[in-house]
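User: I'm new to reading protein structures and would like a close look at one part of this one. Could you walk me through it in plain words?

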Amino acid sequence: GEALRSRAIRTPKVPPGSKGHPVTATTSRIALLALVLALSAAGCGDANRPLARVGDRTITAGEFRREAALNLDHYPGTPEESKRTLFDDLLKREMMLVASEQRGVTGSANAQAHRTELESSLLPQALYTQLGLGEVPVSTGEVAELQRWRAIEAETHVIYTIDLATATQAKRMLETPGTGGTRPDFAQVAMVFNRPGLVPPDGMLGWRAPGTLLGPLDEALVRLPIGAIGGPYETPQGCFLLQVTKRRPRQSAPEQDETQQLTELIRTRKQRALMTHTIEGLEAAYHLHVVPGAELATFQLVQRLGTGNPPPPTTTLNETALITWDGGRYTLADALVDLRAPDKPKPQMSDVASLKVWLQGQGRVRVLLAEAKRRQLDQEPSVREKLRNAWEQYLLEGEYALATLHAVDPTPAEVEAF
């Protein structure tokens with residue numbers, strides 16, 4: 001069912017009593033413990049008034065009304081029928097959560113690791129909100145300037161590197177005359193530094209108008225002298241060198257007014273710049289530091305895993321610090337967990353700089369989490385509510401997967417009768 005999917009209240013309509021029905025023997029026994037105090041929450045009673053208890057969990061009138069307001073379209077029928085169906089779904093949810101608790105799921109290593117991941121995701125978002133990294137103003141003058149810039153387009157060539165040191169090396173190569181006294185061609189140097197799949201190997205982007213590249217490159221498209229090498233331009237995604245070989249009036253005029261689109265583009269860029277500045281300040285305040293040799297240790301670990309060899313001994317994993325910051329450290333054991341997690345980004349193995357960027361990202365996440373906890377954002381009611389909802393969703397999905405593991409398809413007669 002799709003209703004109340006965000007909290008997995010609804011359950012797919014499987015004939016009751018079939019093996020696929022979520023209310024299995026376990027949850028049926030738990031249901032005997034449920035004390036139903038009322039089936040209607042339409043009155044004006046106290047929001048904390050209990051309607052039912054399942055184990056140590058309580059369904060309150062306030063929760064009932066909240067869920068009813070959020071899911072008006074998913075409960076057709078008369079008001080009384082809708083209330084009964086909603087209450088039944090709420091009760092099933094609580095039974096499944098108690099079943100998960102009784103089976104020891106909540107204390108398992110996998111579940112606790114998932115809860116840690118939920119905190120790592122939700123708390124930095126709460127920190128961004130508190131720091132004011134949400135909506136930022138955009139002036140009409142900013143929009144007008146970008147609109148003027150977009151009247152032209154430029155034949156654009158770029159070199160992209162992961163870090164400033166490599167970009168500086170590429171620029172030095174471009175500016176150093178060869179044996180014949182001529183400087184190397186931009187495309188030749190681009191072939192040395194550009195990463196396959198990220199930008200064209202020869203750096204040729206074709207005709208580009210401001211607003212189609214990253215923020216710092218827009219002004220270069222307009223102001224950089226023809227043939228000059230601009231940059232390095234630092235961005236949150238890496239560093240760029242840029243060369244403009246031609247300019248012309250923009251060939252294709254926009255089909256509609258771009259004001260709103262450009263306003264949101266500028267707003268997004270300002271938000272990213274503000275976020276980058278804030279995060280860099282926190283990294284400095286926490287003295288975030290990649291330990292010398294961390295890139296090599298990470299590379300060797302990835303190599304071992306890739307060839308099917310076991311990781312180093314546990315003591316080595318725990319004692320090898322890759323990143324440090326005030327109050328914490330990121331070890332080879334932490335890296336092993338992140339490398340094995342299927343839903344986490346993996347480092348590029350092409351060079352040391354890429355490994356260092358990946359390590360810095362792991363440290364950055366943990367510094368943000370430490371700052372959020374220092375501000376006790378994990379105790380904020382709104383954050384706790386989001387964390388609780390996400391945690392319960394995880395438990396409910398596990399219970400439903402277990403309940404339907406050996407489900408059998410209903411017969412045509414059962415489907416028709418249902």
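Which side chain of opposite charge is nearest to Glu 295, and how many Å away is it?

Analyst: Keep in mind that this is a predicted model. The nearest side chain of opposite charge is Lys 356, 4.8 Å from Glu 295. A salt bridge needs a side-chain nitrogen of Lys or Arg within 4 Å of a carboxyl oxygen of Asp or Glu, and Glu 295 has no salt bridge even though it is buried.

So where does Glu 295 sit? You'll find Glu 295 in helix α10, which covers residues 294-306. Leaving out residues up to four places away in sequence, Glu 295 touches Val 290, Val 352, Leu 355, Leu 359 and also Lys 356. Two of the elements around these contacts come up again below.

Now for some backbone oddities. Most residues other than glycine have a negative phi, and most peptide bonds are trans. His 287 has a positive phi, near 55 degrees, and isn't a glycine. His 287 belongs to the loop between α9 (259-285) and β8 (289-290), and counts as exposed at 53% relative accessibility.

Gln 376 is another non-glycine with a positive phi, about 60 degrees. Look for Gln 376 in the loop between α13 (352-374) and α14 (381-403); Gln 376 is exposed too, with a relative accessible area of 52%.

Last stop: Gly 231 and Pro 232 are joined by a cis peptide bond, with omega about 10 degrees. Pro 232 is in strand β6, residues 229-235.

Key. Residues are numbered from 1 along each chain as its sequence is written. This is a predicted model: local features need pLDDT of at least 70, side-chain atom pairs count only at pLDDT 80 or more; totals for chains, interfaces and linings use all residues. Side-chain values use heavy atoms; hydrogens and water are left out. Helices (H or I, at least four residues) and strands (E, at least two) are DSSP runs, numbered from the N terminus. Buried means under 20% relative accessible area, exposed over 50%, partly exposed in between (1.4 Å probe, protein chains only). Lys and Arg count as positive and Asp and Glu as negative; His and the chain ends are not counted. Contact means heavy atoms within 4.5 Å.
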